[in-house]
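Q: Could you take a close look at the part of this structure where the protein meets the DNA, and then place that part in its wider setting? I would enjoy one connected walk through it.

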2 protein chains.
Amino acid sequence: MFQILVVEDDKNTRRLMEAVLLSGGYQPILAEDGVRALKLLEQNKVDLIIVDIMLPKLDGYELTRTLRNCGDTTPILMVTAKETQADKREGFLAGTDDYMVKPVDEEEMLWRIAALLRRSKIANEHRITIGKTLLDYDCLTVTQEGRQEELPKKEFLLLFHLLSNPNRIFTRRQLMDEIWDMGSETDERTVDVHINRLRDRFRDNGDFEIITVRGLGYKAVRCSP
Amino acid sequence: MFQILVVEDDKNTRRLMEAVLLSGGYQPILAEDGVRALKLLEQNKVDLIIVDIMLPKLDGYELTRTLRNCGDTTPILMVTAKETQADKREGFLAGTDDYMVKPVDEEEMLWRIAALLRRSKIANEHRITIGKTLLDYDCLTVTQEGRQEELPKKEFLLLFHLLSNPNRIFTRRQLMDEIWDMGSETDERTVDVHINRLRDRFRDNGDFEIITVRGLGYKAVRCSP
DNA sequence: TTTCCTTGTTCATATTCAGTTTAAAAACAG
DNA sequence: CTGTTTTTAAACTGAATATGAACAAGGAAA
């Protein structure tokens, strides 16, 4: 669901990272050097980058600087054996958001990842609770007062996406890019139809409402009790 | 200049923090307990909070949780002697952004502060605060003293544009080119009507006012308190 | 296989409301 | 006082959206 790029040359560490991220509910993407990382960044929607410093071809500092110079603001977490203050200094100056010294506590790494994602406004929950309504991403289900109901995939994803950033307005284009495929050719009216079905389904829900923002798109808002 | 609130009960540490922050070019505000911190937060525009955990009255965890539950997203850095993983865990769960164990390296603290401020600036570049009024570009909403209101697109854009350059005079032509399409053929009187609606809406706002500059156009000015 | 049902998409029509226009009243400058 | 600019209220209009229904593509069951 949230894609995290790991840039790390040591194969064992890479494997370990992969396992930790999976256990935290993230989707890892692996790169063995900085150049490969840049290529993968172009091809994927990456929500966070974990980068080692000592890397072949393009080291962690340079990779970070390159990205920041291009205006890329993806959160970066440096995880490295280089532990001197001079190393940290160079890391932060390059533009990293956080810096952990190996060997890292795996749990702490997950907390820090969660904090970074939260801050960069990317929600990272598998479940959303709004009043008496509970959305479960893993089951595609909505539970209201004990009643559990499974929604069609697109409908669920649409609702989940809207509710994970309440009040924020999403254009039809943005929603299509997120829920359908990037650059999907399908008619934007399709979004309307799905929204309409969601409204039907949750007409007297009482916890949230999907609001039309004319000329822009849709947003979900919590209902005042 | 960035204002940083330091919540710390030990007087010597507080003094030290103050000196370090000043040397880093920040404006420190000092609080000796959590309750005092909440009061100071109301009275000041605070860009970042450094919080100790063991505090009289309201501890660091509770302070953090309180703020986050109110929707406050000010970056928080916990600086504390509590070094177990369980402590860190509780800190991150409460909603802190970073966690440093005392005794901290002063330079590293400044780098981490800079990283947090950099990120929160990225997140907030779509917002304008004028007194108690907050404009959110992503939501097209204006919040005044807790009351959130959604504006029609053109109205919002017009207000946002005026307020992002306070005191600057914009001709109707300029505004049309920015908010309507470049070289739009629509009547310039349309701007007047929208301005008028904005004035209606924010008649007794107290934070800003839209002023007519006869023969030229309009400008937004902050009200003197 | 065929049938039936669920899901996703498209289309046609009805409806709505943001944005525009209009026009009269008010404010202003000379 | 006079001509010009701005304010204000109200009516209008069309593009944007809602909605119902039909269609297509797959999967499950018979």
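A: Chain A exposes about 11,200 Å² in this predicted model, and carbon and sulfur atoms supply 46% of that area. Its C-alpha trace spans about 60 × 35 × 30 Å along the principal axes. Chain A is built from eight helices and twelve strands, and 49% of its 225 residues count as buried. Among the contacts in chain A with a separation of 6 or more, 53% are between residues 24 or more positions apart.

Now to the DNA, beginning with strand D. There are 21 residues around DNA strand D, and the ones that come nearest are A:Arg199, A:Thr212, B:Asn196, B:Arg199 and B:Thr212. Both protein chains are thus represented in that list. Looking from the DNA side, 78% of the strand D atoms within 4 Å of the protein belong to sugar or phosphate, while the rest belong to bases.

Several polar contacts with phosphate oxygens of DNA strand D can be picked out in chain A. A polar side-chain atom of A:Arg199 is 2.3 Å from one such oxygen. A:Tyr218 also uses its side chain, with an N or O atom 2.6 Å from a phosphate oxygen of DNA strand D. For A:Gly215 the atom concerned is a backbone N or O, at 2.8 Å from a phosphate oxygen of DNA strand D. As for secondary structure, the elements giving two or more residues to the surface near DNA strand D are helix 8 (189–201) and strand 11 (208–213) of chain A, along with helix 8 (189–201) of chain B. Helix 8 of chain A gives the most, with five residues. Sorted by class, the surface near DNA strand D holds eleven charged, six polar and four nonpolar residues.

DNA strand C has its own set of neighbours. It is surrounded by 22 residues, the closest being A:Trp180, A:Arg197, A:Arg214, B:Trp180 and B:Arg197. Of the strand C atoms within 4 Å of the protein, 62% belong to sugar or phosphate and the rest to bases. A base takes part in one of the contacts here: an N or O atom in the side chain of A:Arg214 is 2.7 Å from a base oxygen of DNA strand C. Phosphate oxygens of DNA strand C are approached as well, by a backbone N or O atom of A:Lys154 at 3.1 Å and by a polar side-chain atom of B:Thr190 at 3.4 Å. Helix 6 (153–164) and helix 8 of chain A, together with helix 6 and helix 8 of chain B, are the elements that give two or more residues to the surface near DNA strand C. That surface divides into ten charged, six polar and six nonpolar residues.

Some of these elements also take part in the nonpolar interior. The largest nonpolar core has 28 residues, and B:Leu135, B:Phe156, B:Leu159, B:Leu162 and B:Leu163 have the most contacts inside it. In chain B, strand 6 (127–130), helix 6 (153–164), helix 7 (172–179), helix 8, strand 11 (208–213) and strand 12 (217–222) each supply at least two residues of this core. Helix 6 of chain B gives the most, with seven residues. To see how B:Leu159 is set in place, leave out residues up to four places away in sequence: B:Leu159 then touches B:Leu135, B:Val142, B:Leu151, B:Leu198, B:Phe202, B:Phe208 and B:Ile210. A second, separate core has 26 residues, including A:Leu135, A:Leu158, A:Phe202 and A:Ile210.

A few backbone details round off the walk. In chain A, a cis peptide bond joins A:Lys102 and A:Pro103, with omega about -5 degrees, and A:Pro103 is in the loop between strand 5 (98–101) and helix 5 (106–119). In chain B, the bond from B:Lys102 to B:Pro103 is cis, with omega near 0 degrees; B:Pro103 lies in the loop between strand 5 (98–101) and helix 5 (106–124) of that chain. A:Leu140, although not a glycine, has a positive phi of about 60 degrees and is found in the loop between strand 7 (133–136) and strand 8 (141–144) of chain A. A:Glu145 is not a glycine either, yet has a positive phi of about 50 degrees. A:Glu145 belongs to the loop between strand 8 and strand 9 (147–150) of chain A, and counts as exposed because its relative accessible area is 66%, over the 50% cut-off.

Definitions and conventions. Residues are numbered from 1 along each chain as its sequence is written. Chains are lettered from A and ligands numbered from 1 in the order in which they are written. This is a predicted model: local features need pLDDT of at least 70, side-chain atom pairs count only at pLDDT 80 or more; totals for chains, interfaces and linings use all residues. Side-chain values use heavy atoms; hydrogens and water are left out. A residue is near a molecule or strand if one of its heavy atoms lies within 4 Å of it. A polar contact is a pair of N or O atoms within 3.5 Å; within protein, one must be able to donate a hydrogen and the other to accept it, and residues adjacent in sequence count only if both atoms are side-chain atoms. Helices (H or I, at least four residues) and strands (E, at least two) are DSSP runs, numbered from the N terminus. Ala, Val, Leu, Ile, Met, Phe, Trp, Tyr, Cys and Pro count as nonpolar, Asp, Glu, Lys and Arg as charged, and the others, Gly among them, as polar. A nonpolar core is a set of buried Ala, Val, Leu, Ile, Met, Phe, Trp, Tyr and Cys residues joined through side-chain atoms within 4.5 Å. Buried means under 20% relative accessible area, exposed over 50%, partly exposed in between (1.4 Å probe, protein chains only). Contact means heavy atoms within 4.5 Å. Accessible areas come from the Shrake-Rupley method with a 1.4 Å probe; for residues, only the protein chains shown count as cover.
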